[in-house]
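Welcome! Let us take a walk through this structure together, one part at a time.

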Amino acid sequence: MRDWLKARRDAMNKTQDEIAELSGITRPAYNMIENGVRRPSVPVAKRIGNAMSIDWTIFFADEGNKTTHQKEVTR
């Protein structure tokens, strides 16, 4: 999960639906980005950045993509 993204959205008092609409994407697509399942394309990152008043390049920085869950490795 991108905790920083969720925290920013919460600070704005916006729902995922609202951010998705402002960004021109679907709520499921935004949800996958916020949860760290997918990385946005550059155009989508820019639109989310504009909608949330954040620097869009954070999506492509190492610390912007850290997740709070780890996948188990099975052998």
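## A guided walk through the helices

We can begin at the start of helix 3, where a side-chain oxygen of Thr26 comes to within 3.1 Å of the backbone nitrogen of Ala29. Keep in mind as you look that this is a predicted model. Helix 3 itself covers residues 27-34, and its buried residues are Tyr30, Ile33 and Glu34. These three span an arc of only 95° around the axis, which means that they sit on the same side of helix 3. What lies over them? The cover includes helix 1 (3-11), helix 2 (16-23) and helix 4 (42-52). Just past the end of helix 3 you will meet Gly36, whose phi is positive, at about 80°.

Now step back and take in the whole chain. The protein has four helices and zero strands, so its pattern along the sequence reads α-α-α-α. There are 75 residues, of which 28% count as buried. Among the contacts with a separation of 6 or more, 54% are made by residues 24 or more positions apart. On the outside, the protein exposes about 5,100 Å², and carbon and sulfur atoms supply 48% of that area.

How confident is the predictor? The average pLDDT of the protein is 87, and 83% of the residues score at least 70. Residues 68-75 are another matter: pLDDT stays under 50 there, and the model has four contacts beyond four places in sequence for this stretch. Where pLDDT is low, the predicted coordinates should not be read in detail.

Let us move on to helix 4. Its buried residues are Val44, Ala45, Ile48, Gly49, Ala51 and Met52. Viewed down the axis of helix 4, these residues fall within an arc of 165°, so they line one face of the helix. That buried set packs against helix 1, helix 2 and helix 3. Just after helix 4 comes Ser53, which has a positive phi of about 55°.

Next, look for Arg9, which is found in helix 1. Is this residue buried or exposed? Arg9 is buried, because its relative accessible area is 9%, and buried means under 20%. Which residues does Arg9 touch, once its neighbours within four places in sequence are set aside? The answer is Lys14, Thr15, Gln16, Ile19, Tyr30, Glu34 and Met52. You have met some of these names already: Tyr30 and Glu34 are buried in helix 3, and Met52 is one of the buried residues of helix 4.

Right beside it in the sequence is Arg8, which also lies in helix 1. Arg8 is partly exposed, with a relative accessible area of 29%. Leaving out neighbours within four places in sequence, Arg8 is in contact with Met52, Ser53 and Ile54. Arg8 and Met52 are 44 residues apart along the chain, yet their C-alpha atoms are separated by 7.5 Å.

Charged side chains deserve a stop of their own. Side chains of opposite charge can pair when their charged atoms come close. How many salt bridges does the model contain? The count comes to four. One of them joins the side chains of Arg9 and Glu34, with 2.7 Å from N to O. This pair connects distant parts of the chain, with Arg9 in helix 1 and Glu34 in helix 3, 25 residues apart. Both Arg9 and Glu34 are buried.

Arg9 also forms a salt bridge with Asp10, and here the closest N and O atoms are 3.9 Å apart. Asp10 counts as partly exposed, at 37% relative accessibility. Taken as a group, Lys6, Arg9, Asp10 and Glu34 are linked in a network of salt bridges.

Elsewhere, the side chains of Asp17 and Arg27 meet in a salt bridge of 4.0 Å from N to O. This pair, too, links distant parts of the chain: Asp17 belongs to helix 2 and Arg27 to helix 3, ten residues apart. Asp17 is partly exposed, with a relative accessible area of 48%. Arg27 is partly exposed as well, at 34%.

Technical notes:
Residues numbered from 1 in each chain as written. Heavy atoms only, no water. pLDDT = per-residue confidence, 0-100. Contact = heavy atoms within 4.5 Å. Buried < 20%, exposed > 50% of the residue type's maximum accessible area, 1.4 Å probe, protein only. Helix = DSSP H or I, 4+ residues; strand = E, 2+ residues; numbered from the N terminus. Arc of directions from axis to C-beta. Polar contact = N/O pair within 3.5 Å; in protein donor to acceptor, adjacent residues only side chain to side chain. Areas by Shrake-Rupley, 256 points an atom, 1.4 Å probe, with all protein chains shown as cover.
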